[in-house]
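Biologist: I would like to go through this protein one question at a time. Please end each answer on the value or name I ask for.

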Amino acid sequence: MRGGWRRVLTGAAVVAGTAVAGAAGVVLGASATVLLSLWLGPDPSRIAPLLPAPLPRPTPTAVDTAPFEERADAIAASWPRPEPLAGGGGPDLRPVQGVDSVEPDATVLTVSVGYGACDADYGAWLRETAELVIVGGWTVSDPAAGPCTEELLTGVRVLGLESELGGRPVVDAVSGAVLPPAR
């Protein structure tokens, strides 16, 4: 009989051990799931799929300088009383929104150029004469852009001068007006 109880007790121990091991496995499995969810973040089924990166906007290889050059010639010839440009320019010649700190010893100008949300690129033109410095902006539309709002954004461009600014006024090519320093 002793051997029979021993088998029963051994069997009970195996069953109890299996139950304890099973419970420990459940606890370890649950702990691993909690740790994994903390590491990975929220429920993976609720994570939005990664979308491909947007394509870069095209950069123009060339912008037509003729409208600015013609306007700069006209302003220089009619200085100090140039008339505003009829029609307000276009993408190849846009008004400059402002110029930062116009100091006599400046060898660079930082100008603010207006552009639209659907423009691929923007920049600024510069023409120096002995009497004045003429600046104008330009933009290039993004052909891949869809419908756009008509909002004006501004960005800055730094333009190098051939010589110190001195007492020369900085003139906007579109309006023909002297740009006051922004600061």
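**Questions on a predicted model**

Modeller: We can start with one residue: Thr139 is found in strand β4. Keep in mind that the model is predicted.

Biologist: Is Thr139 buried or exposed?

Modeller: A residue counts as buried under 20% relative accessible area. Thr139 has a relative accessible area of 5%. Thr139 is therefore buried.

Biologist: Which residue in β4 is the bridge partner of Tyr122?

Modeller: Strand β3 covers residues 119-128, and β4 covers residues 133-141. The two strands run antiparallel and are joined by nine bridges. Tyr122 is also among the residues that Thr139 touches, along with Pro91, Arg94, Gly114, Tyr115, Asp119 and Asp121, leaving out those up to four places away in sequence. In β4, the bridge partner of Tyr122 is Thr139.

Biologist: How many of the residues of β3 are buried?

Modeller: Strand β3 has ten residues and is mostly covered. For the protein chain, with its 183 residues, the buried share is 27%. In β3, the number of buried residues is nine.

Biologist: How many residues lie between β3 and β4 in their hairpin?

Modeller: One residue of the loop between these strands is Ala130. Ala130 has a relative accessible area of 72%, so this loop residue is exposed. Between the two strands of the hairpin, the number of residues is four.

Biologist: How far apart in space are Ala130 and Gly167, C-alpha to C-alpha?

Modeller: In sequence, Ala130 and Gly167 are 37 residues apart. In space, the C-alpha to C-alpha distance between them is 10.0 Å.

Biologist: Which two residues form the disulfide?

Modeller: The structure holds one disulfide. Its sulfur atoms are 1.3 Å apart, and the cut-off for a disulfide is within 2.5 Å. The pair is Cys118 and Cys148.

Biologist: How many residues apart in sequence are the parts that this pair ties together?

Modeller: Cys118 lies in the loop between β2 and β3, while Cys148 lies in the loop between β4 and β5. The link has -100° about the S-S bond and is left-handed. Because the two cysteines sit in these two loops, the parts they tie together are separated in sequence by 30 residues.

Biologist: Which class of accessibility does Cys148 fall into?

Modeller: Its partner Cys118 is buried, with a relative accessible area of 18%. For Cys148 the relative accessibility is 37%, and values between 20% and 50% have a class of their own. Cys148 therefore counts as partly exposed.

Biologist: Which element gives the largest share of the largest nonpolar core?

Modeller: This core has 16 residues, and those touching the most other members are Leu109, Val111, Val133, Val135, Leu165, Val170 and Leu179. The elements that give two or more residues to this core are β1, β2, β3 and β4. The largest share is four residues, and the element that gives them is β2.

Biologist: How many residues make up the other core?

Modeller: This other core lies apart from the largest one. Among its members are Leu93, Leu132, Ile134 and Trp138. The number of residues in this core is eleven.

Biologist: What distance separates the C-alpha atoms of Glu69 and Leu93?

Modeller: Glu69 has its place in helix α2, residues 66-78. With 31% relative accessibility, Glu69 counts as partly exposed. Glu69 and Leu93 are 24 residues apart along the chain, and the distance between their C-alpha atoms is 9.7 Å.

Biologist: How many helices and strands does the protein chain have?

Modeller: Along the sequence the elements follow the pattern α-α-β-β-β-β-β-β. Counted by type, the secondary structure comes to two helices and six strands.

Biologist: Which element of the protein chain has the lowest mean pLDDT?

Modeller: The protein chain averages a pLDDT of 76, and 65% of the residues score at least 70. Strand β6, residues 170-172, has the highest mean among the elements, 95. The lowest mean is 50, for residues 2-40, which form helix α1.

Biologist: How many contacts does the stretch of residues 5-17 have in the model, beyond near neighbours in sequence?

Modeller: Over residues 5-17 the pLDDT is below 50. Beyond near neighbours in sequence, the number of contacts this stretch has in the model is zero.

Definitions and conventions. Residues numbered from 1 in each chain as written. Predicted model: local features only at pLDDT ≥ 70, side-chain atom pairs only at ≥ 80, totals over all residues. Heavy atoms only, no water. Buried < 20%, exposed > 50% of the residue type's maximum accessible area, 1.4 Å probe, protein only. Pairing = 2+ DSSP bridges. pLDDT = per-residue confidence, 0-100. Contact = heavy atoms within 4.5 Å. Core = buried A, V, L, I, M, F, W, Y, C linked by side-chain atoms within 4.5 Å.
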